[in-house]
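Grab your viewer and work through a few exercises on one model. Try each task yourself before reading its solution.

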Amino acid sequence: MSKKKYTELMKLDIYEILGLSLGANESEIKKAYRKKALKCHPDKNPDNPDAAAEFDQLQKILEVLLDAGTRKAYDKLLKGRKAAKLRAREADAKTQKLRSELEERERQAQEQPRLSEEERFRRELKRLEEEGRKLIEEELEKVNRKVEEELRGRNGAPGGTSEEAKSAESQGHKIKVKWTATEDWPGYTEEEIHRLFYKWGDINALVMKQRTKKGTALIDYKTKQGADMAVQFEKGMLGRPIEVTHMTAEPKKPDAKERKPKEAAVDLKPNYDYESVSAMNQRRQAERRKLIEQIMQEEGNSESR
């Protein structure tokens, strides 16, 4: 998702769009998404020119709510925005009360013959109105500044290192995706494949290639449930069908020469809770290379047949 689209989405109350409360769990989110998707799908709303944009926005909302880090950042912004609006309303109410009191004082002062008192109250009223306006502007500026800080943090800060290390440590569950391009459609892009399959669960790695008309992708899910749901429910975009199957692989047995004593294995076992970001990225790259080798082997076997 581009930074511009992400910023626009952060300005909306996406829970209200799905009809959910702030503390909704993952199951409730997916249920509300499917219910809403059926209503606003472009095929069911041919007379609505905005149906496609609404459906696309719905998919982006699902991506935000299913990503733990993004949802946490969004929830924090949403709570801050609501609190700022409440404080702004309270500040406006106080300003109105002060204004009424000063207007009453001004009226009383006008009844007196002293013009200096009347002018003093008028100036005081103007000063308080300006203070109330500045207070509201400051609250709105705080909210906008928090949005920008969260965006910079999501783009540059290595947050959630421990969670990502635990995810990389898990074995994962792989599925294979196939499709056939047409004359007016060159096939799926990696971004489109990621958007289609991310909603079913967290993805450890994704590799793909498009050879002439035949396209293939290999996806490694963090959980078995995510892989099972993708195989059972994902059918691809309208008019662009895909074939999704489970993919199993025998674990590679270590060579006898490479085996190490039990004590050495225990000593050398990495502690993923304190592992550096660099080591985590190296493991991810190794996993991606393994997936690429596996998909190339699968393609070679299919061609030999």
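Below are four exercises, each with a worked solution.

Some ground rules come before the tasks. This is a predicted model, in which local features need pLDDT of at least 70 and side-chain atom pairs count only at pLDDT 80 or more, while totals for chains, interfaces and linings use all residues. Residues are numbered from 1 along each chain as its sequence is written, and side-chain values use heavy atoms, with hydrogens and water left out.

**Exercise 1. The nonpolar cores**

Find which residues touch the most other members of the largest nonpolar core.

Solution. Start with the term: a nonpolar core is a set of buried Ala, Val, Leu, Ile, Met, Phe, Trp, Tyr and Cys residues joined through side-chain atoms within 4.5 Å. Buried is under 20% relative accessible area, exposed is over 50%, and partly exposed is in between (1.4 Å probe, protein chains only). The largest core has 23 residues, and Ile-14, Tyr-15, Leu-18, Leu-20, Ile-29, Leu-65 and Tyr-74 touch the most other members. Next, go by element, where helices (H or I, at least four residues) and strands (E, at least two) are DSSP runs numbered from the N terminus. Two or more residues each come from α1 (3-10), α2 (14-18), α3 (26-40), α4 (51-66) and α5 (68-110), and α4 gives the most, seven residues. Then zoom in on Ile-29: leaving aside neighbours within four places in sequence, Ile-29 is in contact (heavy atoms within 4.5 Å) with Leu-20, Ala-24, Leu-62, Leu-65, Leu-66 and Arg-71. Finally, look apart from this core for another one, of 20 residues, including Trp-185, Phe-197, Trp-200 and Leu-206.

**Exercise 2. The two sides of α9**

Work out which residues of helix α9 (residues 224-233) are buried, and why they end up on the same side.

Solution. First, pick out the buried ones: Gly-226, Ala-227, Met-229 and Ala-230. They share a side of α9 because they cover an arc of only 165° around the axis, taking the directions from the helix axis to the C-beta atoms. Turn to the other side of α9 and you'll meet Gln-225 and Gln-232, both exposed. Last step, the partners: the buried residues of α9 pack against α3, β1 (173-180), α8 (190-198), β3 (214-221) and β6 (243-247).

**Exercise 3. A pocket and a cavity**

Describe the lining of the second largest pocket, then that of the largest cavity.

Solution. Set the terms on a 1 Å grid over the protein atoms alone: a cavity is a set of points where a 1.4 Å probe fits but cannot get out, a pocket is an open set with protein on both sides within 12 Å along at least five of seven lines, and lining residues have an atom within 4 Å of a point. The pocket has a volume of about 710 Å³. Of its 24 lining residues, Tyr-33, His-41, Phe-55, Gln-59 and Gly-236 are the closest to its centre. The largest share, six residues, comes from α4. Sorted by type, the lining gives 13 nonpolar, three polar and eight charged residues. Now the cavity, with a volume of about 40 Å³: Tyr-33, Gln-59, Leu-62, Glu-63, Arg-195 and Lys-199 line it. Here too α4 gives the largest share, three residues.  The cavity lining divides into two nonpolar, one polar and three charged.

**Exercise 4. An unusual phi**

Locate Thr-212 and say whether this residue is buried or exposed.

Solution. Go to the loop between β2 (203-211) and β3, where Thr-212 sits. Check the backbone: phi is positive, about 50°, although Thr-212 is not a glycine. At 70% relative accessibility, Thr-212 counts as exposed.

Definitions and conventions: Points joined across faces, edges and corners; volume = space filled by probe spheres on them. Nonpolar A, V, L, I, M, F, W, Y, C, P; charged D, E, K, R; others polar.
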